[in-house]
Amino acid sequence: MDTNSLFRLDGRIALVTGGSRGIGRMIAEGFVAQGAKVYVSSRKVEACEEAAAALGGNCIALPHDISTVEGCRALAADLAARESRLDILVNNAGAAWGEPFETFPEKGWDKVMDLNVKSPFFLTQALHGLLKAGGSAERPAKVINITSIDGQRLNLWETYSYHASKSALIYLTKRMAARLVRDHINVTSIAPGAFPSDMNKAARDHGDAVSKAIPAKRIGNDEDMAGTAIYLASRAGDYVIGDTITVDGGLVNASLGVSIDG
């Protein structure tokens, strides 16, 4: 048993969507530190290039807007022009929308469902050939979908399409895993809780207050997210298929309910 290299990613090629900031950047930084060559993608060119420069020579900016199927295919074609295989795909790019039930708009539904559910499917489909080239029985390729604890439990906000999209992606992860495992591609997901980001401004700006409701009494940090992603992407996670790992300090699975007895 060689545990010294169990979590290493030397020689592996990874693509992280939404990799210029937040959770995507945490994961990209962790992958680079473990020896991977990492492409970070987002629709903002300058943000992508800044992230790649900050993470060093093994990180390359590959900006694309993947909110449409055409955008997913364009990113896949761009990567295929540079690499003959892909070992790790992290579908992290996402969006949220909060608005009262009475006024929740169609655009708030379509934008979130398209980017959070449709894009991970069609980007993985477009990259299927490169992922098959990267995977083998001895070393499967990995697809890691970034879902959310909001796909497992309700939050206090009226984020209807976000809740629906993350629940859908958790189940889509299982369905994709059942099909792609035959091609030596393992599909899993990570469901983050409170991590500071532009999407989760409450955790970013009011971490102390948010922490009070979390059993671990703190919000998530970079190492919490990077460590989980490295586990799934590395040899250590080769036998994990179709599952969702909840990384939330115990909020979903270790919170005590309110007693109806008072």
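Let's start with strand β6, residues 185–192, in this predicted model. Eight of its eight residues are buried, so β6 is largely enclosed by the rest of the structure. If you look at which way the side chains go, I185, V187, S189 and A191 point one way, while N186, T188, I190 and P192 point the other way. Residues on both sides of the strand are buried.

Now, what does β6 pair with? On one hand there is strand β5, residues 141–146, which runs parallel to β6 over six bridges. A handy landmark here is N145, which sits opposite S189 of β6. To get from β5 to β6, the chain passes through helix α6, residues 160–180, and this β-α-β crossover is right-handed. Then there is strand β7, residues 244–247, which is joined to β6 by four bridges, again parallel. For that pair, look for P192 opposite V247 in β7.

Let's step back to the sheet. Seven strands make it up, in the order β3-β2-β1-β4-β5-β6-β7, and it is an open sheet with parallel pairing. At the edges are β3, residues 59–61, and β7, each of which pairs on one side only. From one strand to the next, the twist averages 20 degrees. Over at the β3 edge, three bridges hold β2 and β3 in parallel register, and V40 stands opposite A61 in β3.

On to the helices that cover this sheet. Helix α4 packs on the sheet and touches β1, β4 and β5, with its direction at about 160 degrees to that of β4. Helix α9, residues 222–233, lies across β4, β5, β6 and β7, and runs at about 165 degrees to β6.

I'd also like to show you helix α3, residues 69–80. Its 12 residues reach 16 Å from the first C-alpha to the last, close to the 16 Å expected at 1.5 Å a residue. Which residues of α3 are buried? They are V69, G71, C72, L75, A76 and L79. Looking down the axis of α3, these buried residues fall within an arc of 165 degrees, so they line one face of the helix. As a reminder, an α-helix has 3.6 residues a turn, so residues three or four places apart point the same way. And what do the buried residues of α3 pack against? Their partners are the strands β1 and β2, together with the helices α4, residues 106–126, and α5, residues 128–134.

Helix α1, residues 22–33, gets a similar check on its length. Its 12 residues should span 16 Å at 1.5 Å a residue, and the end C-alpha atoms are 17 Å apart, which agrees. The buried residues here are I23, G24, M26, I27, A28, G30, F31 and V32. After α1 comes G35, and its phi is positive, near 100 degrees.

One last residue before I stop: K132, which is found in helix α5. Buried or exposed, or somewhere between? Its relative accessibility is 40%, so K132 counts as partly exposed. Leaving aside residues up to four places away in sequence, K132 touches D183 and I185. That takes us back to β6, since I185 is one of the residues on that strand. Also, the C-alpha atoms of K132 and R182 are separated by 9.8 Å, although these residues are 50 places apart along the chain.

Technical notes
Residues are numbered from 1 along each chain as its sequence is written. This is a predicted model: local features need pLDDT of at least 70, side-chain atom pairs count only at pLDDT 80 or more; totals for chains, interfaces and linings use all residues. Side-chain values use heavy atoms; hydrogens and water are left out. Helices (H or I, at least four residues) and strands (E, at least two) are DSSP runs, numbered from the N terminus. The expected span of a helix is 1.5 Å times one less than its number of residues. Buried means under 20% relative accessible area, exposed over 50%, partly exposed in between (1.4 Å probe, protein chains only). The arc is that of the directions from the helix axis to the C-beta atoms. Contact means heavy atoms within 4.5 Å. Two strands pair if DSSP finds at least two bridges between them. A crossover is right-handed if, with the strands pointing away from the viewer, the path from the first strand over the helix to the second runs clockwise. Axes are lines fitted to C-alpha atoms, for helices over the stretch in contact, and angles run from 0 to 180 degrees between N-to-C directions.
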